[in-house]
Amino acid sequence: MTFLHTKINGLGAIIFPLFLLLVMGNFANLPAQESDDLNELIDEAFLARADKSGEPTDITNEFFTTDIPIYCIVMLKTVKPTLVKMELFTQKVPGFKSNYLVIKTSYTTKEGQNRVTFTGRPDGVWKAGTYRINISINGDLKKSIDFSVKAKSIEITQKARRKPSAKKN
C-alpha cells in the first residue's frame, strides 16, 4: 500500500491546518443530502388542538366537538418544492357513510419550506365520531392518521336534560 506523504514546513504548516478546518467547517454547514425516495419525505405528521394562546401545541388524536380548529401539521425532510395533500374522511360518524370525503386540500411548498399546517373548521361544532386524515406527497399516499371527536361531559348532560317538545295541533 502506498501513501502520499508531503512535508509541510514553516508558514505552510500553519496555513494548511487552518485551511483544512475551514473546508471541514463549510461541509458541516451543508444540508444533509436529501433523498428523492418519497417514503422518506415526511419527517413527522401529527394533529393538534390550540392552546389558550391559539397556537397548535397540544398534540393529540382525541378531540372534543368544540376543538376548533383541528390542526394537521406535516414536517418534511426536504426543503425542495413539494406537493402536500390532506384529505379528511369520516370513519364512524352518525349521519355519514364510512369513508365519506369531508374535505380535500393541498399546498405546494416553496423552496426552503419544510412545514405545512392545515386547519379544519366545521360549520358549528364537530360531529362526534372517528375520522381519518390521509396525507399524500407528490400524489402518493404516505401517511394516515386516525382520530376521534367526543362530546364533552357537559354537552352529554345537556342533551340528557332536554325534553322533547310537545306537538301542537
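I began with Cys72 and looked up what surrounds it: leaving aside its neighbours within four places in sequence, Cys72 is in contact with Phe46, Leu47, Met86, Val116, Thr117, Phe118, Ile133 and Ile135. I note at once that the model is a predicted one.

**The cores.** I then asked which residues have the most contacts inside the largest nonpolar core. That core has 23 residues, and Cys72 is listed there together with Val74, Val84, Ile133, Ile135 and Phe147. Tracing where the core residues come from, I found that strand 1 (42-49), strand 4 (70-76), strand 5, strand 7 (115-120), strand 8 and strand 9 (140-150) each supply at least two of them. Apart from this core lies another, of five residues, and I wrote down Phe46, Tyr71, Ile73 and Met75 as among its members.

**Val116.** I turned next to one of the contacts of Cys72, namely Val116, which is found in strand 7. Is Val116 buried or exposed? Its relative accessibility is 3%, and because buried means under 20%, I entered Val116 as buried. Not counting residues up to four places away in sequence, Val116 touches Cys72, Ile73, Val74, Val84, Tyr107 and Thr109. For Val74 I also looked up the backbone, and the C-alpha atoms of Val116 and Val74 are separated by 5.2 Å, although the two residues are 42 apart along the chain.

**The chain as a whole.** I stepped back to the order of the elements, which from the N terminus on run α-β-β-β-β-β-β-β-β-β-α, and this gives two helices and nine strands. Of the 169 residues of the protein chain, 28% count as buried. When I looked at contacts between residues at least 6 apart in sequence, I found that 62% of them join residues at least 24 apart. The accessible surface comes to about 12300 Å², and 56% of this surface belongs to carbon and sulfur atoms.

**The open sheet.** I followed five strands that form an open sheet with mixed pairing, and their order is 3-9-8-5-6. Strand 3 (62-64) and strand 6 (101-108) stand at the edges and have a single partner strand each, so one side of each is left without a neighbour in the sheet. From one strand to the next the twist averages 25°. Inside this order I checked the pairing of strand 5 (residues 83-92) with strand 8 (residues 129-137), which run antiparallel and are joined by eight bridges. Within this pairing I noted that Phe89 stands opposite Arg132 in strand 8.

**The rings.** How many aromatic pairs does the structure hold? I found four, and I looked at the geometry of two. The rings of Phe96 and Tyr100 have their centres 5.4 Å apart and their planes at 40°, so I recorded this pair as tilted. Phe96 is partly exposed at 36% relative accessibility, and Tyr100 is also partly exposed, with a relative accessible area of 42%. The rings of Trp126 and Tyr131 have their centres 6.1 Å apart and their planes at 75°, so that pair is edge-to-face. Both Trp126 and Tyr131 are buried, and ring pairs link them with Phe63 and Phe147 into a cluster. My last entry is a cross-reference, since Phe147 of this cluster is also among the residues with the most contacts inside the largest nonpolar core.

Terms used. Residues numbered from 1 in each chain as written. Predicted model: local features only at pLDDT ≥ 70, side-chain atom pairs only at ≥ 80, totals over all residues. Heavy atoms only, no water. Helix = DSSP H or I, 4+ residues; strand = E, 2+ residues; numbered from the N terminus. Buried < 20%, exposed > 50% of the residue type's maximum accessible area, 1.4 Å probe, protein only. Contact = heavy atoms within 4.5 Å. Areas by Shrake-Rupley, 256 points an atom, 1.4 Å probe, with all protein chains shown as cover. Pairing = 2+ DSSP bridges. Axes fitted to C-alpha atoms, helices over the stretch in contact; angles between N-to-C directions. Core = buried A, V, L, I, M, F, W, Y, C linked by side-chain atoms within 4.5 Å. Phe/Tyr/Trp six-rings, centres within 6.5 Å; stacked < 30°, edge-to-face > 60°.
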